[in-house]
Amino acid sequence: MLFGGAVACGLAVWGVRNLGVETDYLGFFSPRDHVRVENREISEKLAGTQPLSVVVTGDEPRAVTRLRVLRAIHELQRYVETLPGVDTTLSLVDYLYLVRRALDPEAPPLPASQEEIEQLLLLVDPAEIEGVANRDLSRANVVVRTRLSSSGDIDALVDNITAFAREHFPRGVTVRPTGTIVLLARSADALVRGQVTGLWQVVFVLFVLMSVLFLSLRVGLLSLVPNVVPILLLFGLMGWWGFDLNISTALIAALAIGIAVDDTIHYLTAFNAGLRKTADQAKAVAEAARTVGSPIVFTSVALAAGFLVVCLSNFRPVQDFGLLSATTMGIALLSDLVLTPAVLMTTKIVTLWEVLFLKLGPEPHKQIPLFHGLRPFQAKIVVLMARLANAPAGTAITRRGELRDELYVLLGGRAEVRRDAEGPVLRSLGRGDVVGEMGLVRHQPRTADVIVVEEAEYLILDRAFLRRLPRRYPRIAARVFLNLTRILSDRLETTTDQLAAARPARAAS
């Protein structure tokens, strides 16, 4: 499952390379819609319906009437009219040309000298040229009429104009393309890029919250798998299917990650409860699938069906939103049912709420040698990484001859160690005592029975615990292993003292 998920993510990354940021407001409508039809007729019979302004700003009054500036504006117009999607242009040069033609029908488009320009301006009413120049003639406007509606095409047109102006206009004159279509295209693209940037910020915040909730950076990363994979696959599919990121499709990722996070938290919590109950990773995953899997399936199917309904809309963004949202819900469902269990098989989860509400009695780090040197919070983590068990009076924690890789730490109650059920008491156990260390370390059969005489709560440490703890909490593991070493050393010293005391007694007898 993990290999298959990795392959799917690799294909998605390849598809993301084909993904572009593009908002086409006219493209939101069907080609047969009256908006597209009438827009096309206006463009064909009159001029482009999407005007763009190129603002030329000088450094002083009458700056745009200089011959060099007018010549640069004329060259800019001729260049722009050769670009795709541009129908026509209009500027101060065109008004001056109309006046010259009225005086001389054979006159070229541009005046020959600065003196001629000043004479022509005397014949022009300032009110008539308000659309192409301001009152003091320090700023001019080149009106560019286009058929373009795509933000990508508009950005390319703006870039071409800016590059041409940088090379052809004199120093001190600035040229800036602007207008409604430019602002709309830039705002739409900025909104989309902001959504994508915000998405990664959400992922980071989610990682921090999940790491705090489950008290582990590793679990925080693992919890991102069922949340990030659907988003990655969504963007990959959009790249493969030819969709663009726009103000509609960019919202889907944020919507999907919110639903996926909810399902992930429920799944992880159910898995954790099952693991506490069964002490088996595979059984815990199966239990989580049975208890939480059905609600996840029902909600995902219902949401996908609801999103598919809006695909009946005539508005293209709504159609795309419905189709891609339903697809993302399906991917998130598969991720929760397939990838999440596979990931969970590799770890054990501890939640913040369990640590906060776990009761270990007063000062466990002082009364229980295994927790010596740990803070109460750390002691609770150790308990939750292991297994807690309860036994009523008269039951056995372990029997002689059993072969178990487990060590037991008594957290409450009392127990007795006997050679057999009817034999004498070899040792009495109370809070903090450890038993079964040889079974854990040497994998040897038990040499005695441990019988509960007062209802007991005890901790079970097995080989899986010894592997998990250093991987998740290395500093806590170092202290716990040091304490285990001390406990074994104390036990060895006690046994040595008992043997040494027994020899003189045998010699005297």
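The following paragraphs go through a sheet, a helix and two cysteines of this structure, which is a predicted model.

The sheet is open and is formed by 4 strands, arranged in the order β2-β3-β1-β4 with antiparallel pairing. Its edges are taken by β2 (86–90) and β4 (174–178); each of these has a single partner strand, so one side of each is left without a neighbour in the sheet. From one strand to the next, the twist averages 20°. One pairing can be followed in more detail. Strand β1, made of residues 50–57, pairs with β4 in the antiparallel sense over 5 bridges. On the β4 side, R176 is the bridge partner of V55.

Helix α3 covers residues 67–80, which is 14 residues. At 1.5 Å a residue the helix should span 20 Å, and its end C-alpha atoms are 20 Å apart, so the expected and the modelled span agree. The buried residues of α3 are L67, V69, L70, A72, I73, H74, L76, Q77 and V80. An α-helix has 3.6 residues a turn, so residues three or four places apart point the same way. The cover over the buried residues of α3 includes the strands β1, β2 and β3 (139–146). Also included are the helices α4 (92–103), α5 (114–122) and α6 (151–168).

The cysteines come last. A disulfide is a covalent bond between the sulfur atoms of two cysteines. With a cut-off of 2.5 Å between cysteine sulfur atoms, the count comes to 0 disulfides. C9 has a relative accessible area of 17% and is buried, while C311, with a relative accessible area of 24%, is partly exposed. The line between these two classes is drawn at 20%.

Technical notes: Residues numbered from 1 in each chain as written. Predicted model: local features only at pLDDT ≥ 70, side-chain atom pairs only at ≥ 80, totals over all residues. Heavy atoms only, no water. Pairing = 2+ DSSP bridges. Helix = DSSP H or I, 4+ residues; strand = E, 2+ residues; numbered from the N terminus. Axes fitted to C-alpha atoms, helices over the stretch in contact; angles between N-to-C directions. Expected span 1.5 Å × (residues − 1). Buried < 20%, exposed > 50% of the residue type's maximum accessible area, 1.4 Å probe, protein only. Contact = heavy atoms within 4.5 Å.
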